[in-house]
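Me: Please take a close look at one part of this model, beginning with a single side chain and its surroundings and working outwards from there to the packing of the chain. I would like one connected account.

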Amino acid sequence: MARRKIKVIRVEPKLKREKPREQIRVAAYCRVSTLMEEQELSFESQCEYYEKLICEEPGMILAGIYGDQGCSGLHAESRPELQRLLRDCRAGNIDLILVKSISRFARNAVECMEMVEELKMLGIAVDFEREGIRSDDVNFELVLKLLASAAQEESNSLSQAIRWSYDRNAELGQPTRICCYGYRKAPREKGTPHVWEIYEPEAKMVREMFRLAGEGYRYRQIADYMNEMERESGQTTVWRPGRIRRMLLNEAYKGDILTNKNYTPDYLSGKVRKNKGQHTQFYIEGHHEPIIPPAEFDAVRQKIEAGRTM
């Protein structure tokens, strides 16, 4: 039997080209509500964590780290970095947002839902790490409503706790209050109460104000006189009649303090109202050294309340 020659042709297998994996542009949002040292460390660690996470993930491109430090989570408009993040989302620069938790993103349930809904319309998902949910999950809306409401109630509880703490300190004669014009808080040891001390460069202006008021000058005249003093000393403080009147009625200048002059009926809106009996007030006599002798202060106040001046 004759042999046939067979030509053998080697056929190399065609390798299937893999489609390049689509990379998504990922941003992270971080927030802490205070500027305390431990919170600063938390803020920095949040930012570093997300930057490393995004940069090391092959399918992700870092679109930016956005962080609000020392900002309350109640209102989105008060957080500049969150607003910048939303602007970049509207500009089409982001595909996914990573957030530590719902409470870091928003403590106002209504605002939280509104922001997530807007981002959803833009085709952008939000991943809440602690809760383990994403805004593109099927059951996301129901879960988010429950968790956002819980975050809002947590904020409300915190607000109530702070209010109780303020009132308790005031009842003990140690009110939590910012020093008014003319005073500074003296250096103190940890655990001891704050002490107000007179700041003479400002105290002299307060004394002039009360002297002029006692002599019958009007608010506008006093403001003009004090503005002239400021210019002569090279300062830039601007005095107006409304501020003059408020200071002349401020009992702090005779060494006393009245707490809770105003209150916030709705912690979500943050609107301040004059306290007309809605909250307990505490009048603390001799809280600090007076700039104006009590008799002189009372005489000026009586003239103002009787409508005989200004």
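Reply: Arg79 counts as buried because its relative accessibility is 0%, where the cut-off for that label is under 20% relative accessible area. The model is a predicted one, and in it Arg79 sits in the loop that runs between β2 (60-69) and α2 (80-90). The side chain of Arg79 forms a polar contact of 3.2 Å with the side chain of Tyr29, and Tyr29 is itself among the 22 residues of a nonpolar core that also includes Leu85, Phe128 and Phe140. Looking back along the chain from Arg79, one finds Gly67 at 12 residues' remove, with 8.9 Å separating the two C-alpha atoms.

A second arginine, Arg84, belongs to helix α2. With a relative accessible area of 32%, Arg84 is partly exposed, whereas Arg79, at 0% relative accessibility, is buried. The side chain of Arg84 is joined to that of Glu81 by a polar contact of 2.9 Å. Once neighbours within four places in sequence are left aside, Arg84 is in contact with Ile65 and Tyr66, and for Tyr66, which lies 18 residues away in sequence, the C-alpha to C-alpha distance is 7.9 Å.

A buried charged side chain is found elsewhere as well, since Glu202, at 14% relative accessibility, also counts as buried. Glu202 is placed in helix α6, and its side chain makes a polar contact of 3.1 Å with the side chain of Arg184. A polar atom of the Glu202 side chain also lies 2.7 Å from the backbone nitrogen of Gly182. Not counting residues up to four places away in sequence, Glu202 touches Tyr181, Gly182, Tyr183 and Arg184.

Helix α6 leads on to the largest nonpolar core, which has 30 residues, and in which Val206, Met209, Phe210, Trp239, Ile244, Leu248 and Tyr253 have the most contacts. Two or more residues of this core come from each of α6 (200-214), α7 (219-232), α8 (241-248) and α9 (294-305), and α6 contributes the most, with 7 residues. As for Met209, its contacts, apart from neighbours within four places in sequence, are with Ile222, Met226, Trp239, Ile244, Met247 and Leu248. The core of 22 residues that includes Tyr29 lies apart from this one.

Two of the contributing helices also pack against each other. In general, a packed pair of helices is described by the angle between the two axes together with the distance between those axes. For α7 and α8 the angle is about 100° and the axes are 8 Å apart, and the two helices are therefore roughly perpendicular to each other, given that angles of 65 to 115 degrees fall in that class. The residues that meet are Tyr219, Arg220, Ile222, Ala223 and Met226 from α7, and Pro241, Ile244, Arg245 and Leu248 from α8. By class, this contact comprises 7 nonpolar residues, no polar ones and 2 charged ones.

The protein chain as a whole has 9 helices and 11 strands, and of its 310 residues 37% are buried. Of the contacts in the chain with a separation of 6 or more, 65% are between residues 24 or more positions apart.

Notes. Residues numbered from 1 in each chain as written. Predicted model: local features only at pLDDT ≥ 70, side-chain atom pairs only at ≥ 80, totals over all residues. Heavy atoms only, no water. Core = buried A, V, L, I, M, F, W, Y, C linked by side-chain atoms within 4.5 Å. Buried < 20%, exposed > 50% of the residue type's maximum accessible area, 1.4 Å probe, protein only. Helix = DSSP H or I, 4+ residues; strand = E, 2+ residues; numbered from the N terminus. Contact = heavy atoms within 4.5 Å. Axes fitted to C-alpha atoms, helices over the stretch in contact; angles between N-to-C directions. Parallel < 35°, antiparallel > 145°, perpendicular 65-115°, else oblique. Nonpolar A, V, L, I, M, F, W, Y, C, P; charged D, E, K, R; others polar. Polar contact = N/O pair within 3.5 Å; in protein donor to acceptor, adjacent residues only side chain to side chain.
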